[in-house]
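Here is a short note for a colleague who is starting to read structures. Please keep the model open while going through the points.

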Amino acid sequence: MSGARSARRLFAARARRLPDPVPLGAVVAQAEGLEVRLAGRTVLAEAELTVRAGEVLALVGPNGAGKSTLLAALAADLPAESGTVRLDGRPVAAWTPGELALRRAVLPQTATLSFPFTVEEVVRMGRAPWAGTPAEDEDEAAVAAAMERTEVAEFAARPFSALSGGERARVALARVLAQRTALLLLDEPTAALDLRHQELVLRVCRERAAAGDAVVVVLHDLSLAAAYADRAALLHGGRIAAEGAPSEVFDAAPLSRVYRQPVEVIRHPRTGEPIVLPLRDRSADGPRPEKGSDS
């Protein structure tokens with residue numbers, strides 16, 4: 001029995017409350033006074049965040065700032081020490097796993113599988129939550145569209161384990177797209193990708209938001225976040241240090257302080273989008289050879 005078929009039977013065996021259509025601009029997920037502790041240490045504190053349908057929200061900040069923790073808490077994959085996470089108007093604990101899977105799709109940082117599933121089988125796993133519902137009729141179209149949009153259709157029959165890191169990342173994104181939920185939670189989806197596919201993934205995020213979905217994406221590339229996100233939340237030390245439009249959040253002074261790296265923020269000459277560049281001290285490199293030198 002394939003992994004996708006096993007998952008489908010698991011979800012089909014449980015009664016689920018199906019999601020209602022989400023109006024553009026409606027609150028899809030919300031964190032209120034959220035605190036998360038791991039191994040006895042507070043890694044997220046007093047987090048307040050609202051996620052709305054039709055927008056891309058980028059979570060940015062240095063390593064260890066709490067970005068992935070906040071994403072996992074929104075996904076109900078990490079319990080809160082205190083505070084509340086609501087999804088589709090209800091506390092996440094009120095939803096069964098099957099009902100959660102109908103409302104949010106999660107892309108983790110790494111995608112690993114222990115069995116030799118093909119690419120198409122992995123993508124088809126995203127349809128498992130809809131087994132036994134009227135939306136099951138959309139399975140074939142959803143899988144095909146997701147593989148085409150992420151440019152993995154050409155190796156649909158290849159084993160997932162035989163793919164490169166970047167190819168695996170795109171297949172994992174295709175699984176999320178095939179799930180067709182109103183909320184997409186993506187943890188560093190561009191980390192393993194080349195320039196072309198980084199842009200492709202962020203264009204997909206914008207397309208899903210334009211179609212009415214809510215997209216929350218953890219990013220390290222601040223210029224990418226500025227180019228594609230409607231809002232950005234800057235995390236620092238387990239807290240949200242700033243939140244708003246990228247043009248407001250991406251200011252040189254707070255970014256330099258949070259990242260402990262001097263930066264400058266310039267505007268793209270055509271689009272006006274912020275571009276964040278590190279300030280580099282070339283004097284530390286030593287003298288440079290003069291032009292025309294043979295050295």
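Notes on the sheet and the two domains

1. A pair of residues is a simple place to start. Glu 32 has Thr 84 in E4 as its bridge partner. The model is a predicted one, and the points below should be read with that in mind.

2. That pair belongs to a longer match between two strands. Strand E1 covers residues 27-38 and strand E4 covers residues 82-87; 5 bridges join them, and the two run antiparallel. Elsewhere along this match, Glu 35 stands opposite Ser 82 in E4. As background, strands of a sheet pair through backbone hydrogen bonds, in a parallel or an antiparallel way.

3. Which strands make up the whole sheet, and in what order? The sheet is open and has 4 strands, in the order E2-E1-E4-E5, with antiparallel pairing. At the edges are strand E2 (41-52) and strand E5 (90-91), each of which pairs on one side only.

4. Next comes the pairing of E1 with E2. These strands are antiparallel and share 8 bridges. One of the facing pairs is Gln 30 with Thr 50, the latter in E2. E1 and E2 form a hairpin that leaves 2 residues between them, and Ala 39 in the turn has a positive phi of about 50 degrees.

5. The other end of the sheet can be read in a similar manner. E4 and E5 are joined by 2 bridges and run antiparallel. Arg 86 has Pro 91 in E5 as its bridge partner. These strands also form a hairpin with 2 residues between them, in which Asp 88 takes a positive phi near 55 degrees.

6. What ties Arg 104 to Asp 77? The two form a salt bridge, with their closest N and O atoms 3.8 Å apart. Arg 104 lies in strand E6 (residues 104-107), while Asp 77 is in the loop between helix H2 (67-74) and E4, so the salt bridge ties together parts that are 27 residues apart in sequence. The structure as a whole holds 15 salt bridges.

7. Now the division of the chain. The domain assignment gives domain 1 as 26-103 + 182-278 and domain 2 as 114-180. Domain 1 is thus written as two stretches of sequence, with domain 2 falling between them in the numbering. The centres of the two domains, taken over C-alpha atoms, are separated by 24 Å. Their contact takes 15 residues from domain 1 and 14 residues from domain 2.

8. How much area is buried between domain 1 and domain 2? The value is about 1,200 Å², and carbon and sulfur atoms give 66% of it. There are also 2 salt bridges between the domains. In addition, 4 residue pairs are in polar contact across this interface, counting pairs with both residues at pLDDT 80 or more.

9. The last point concerns the side of domain 1 that touches domain 2. Strand E7 (183-187) and helix H7 (195-210) each supply at least two of its residues. H7 gives the most, with 8 residues. By type, this side of domain 1 divides into 10 nonpolar, 1 polar and 4 charged residues. For a salt bridge to look up in the model, take Arg 196 and Glu 151, whose side chains meet at 2.3 Å, N to O.

Technical notes. Residues numbered from 1 in each chain as written. Predicted model: local features only at pLDDT ≥ 70, side-chain atom pairs only at ≥ 80, totals over all residues. Heavy atoms only, no water. Pairing = 2+ DSSP bridges. Domains from an automatic or database assignment. Contact = heavy atoms within 4.5 Å. Buried area = accessible area lost by both parts, 1.4 Å probe. Salt bridge = Lys/Arg side-chain N within 4 Å of Asp/Glu carboxyl O. Polar contact = N/O pair within 3.5 Å; in protein donor to acceptor, adjacent residues only side chain to side chain. Nonpolar A, V, L, I, M, F, W, Y, C, P; charged D, E, K, R; others polar.
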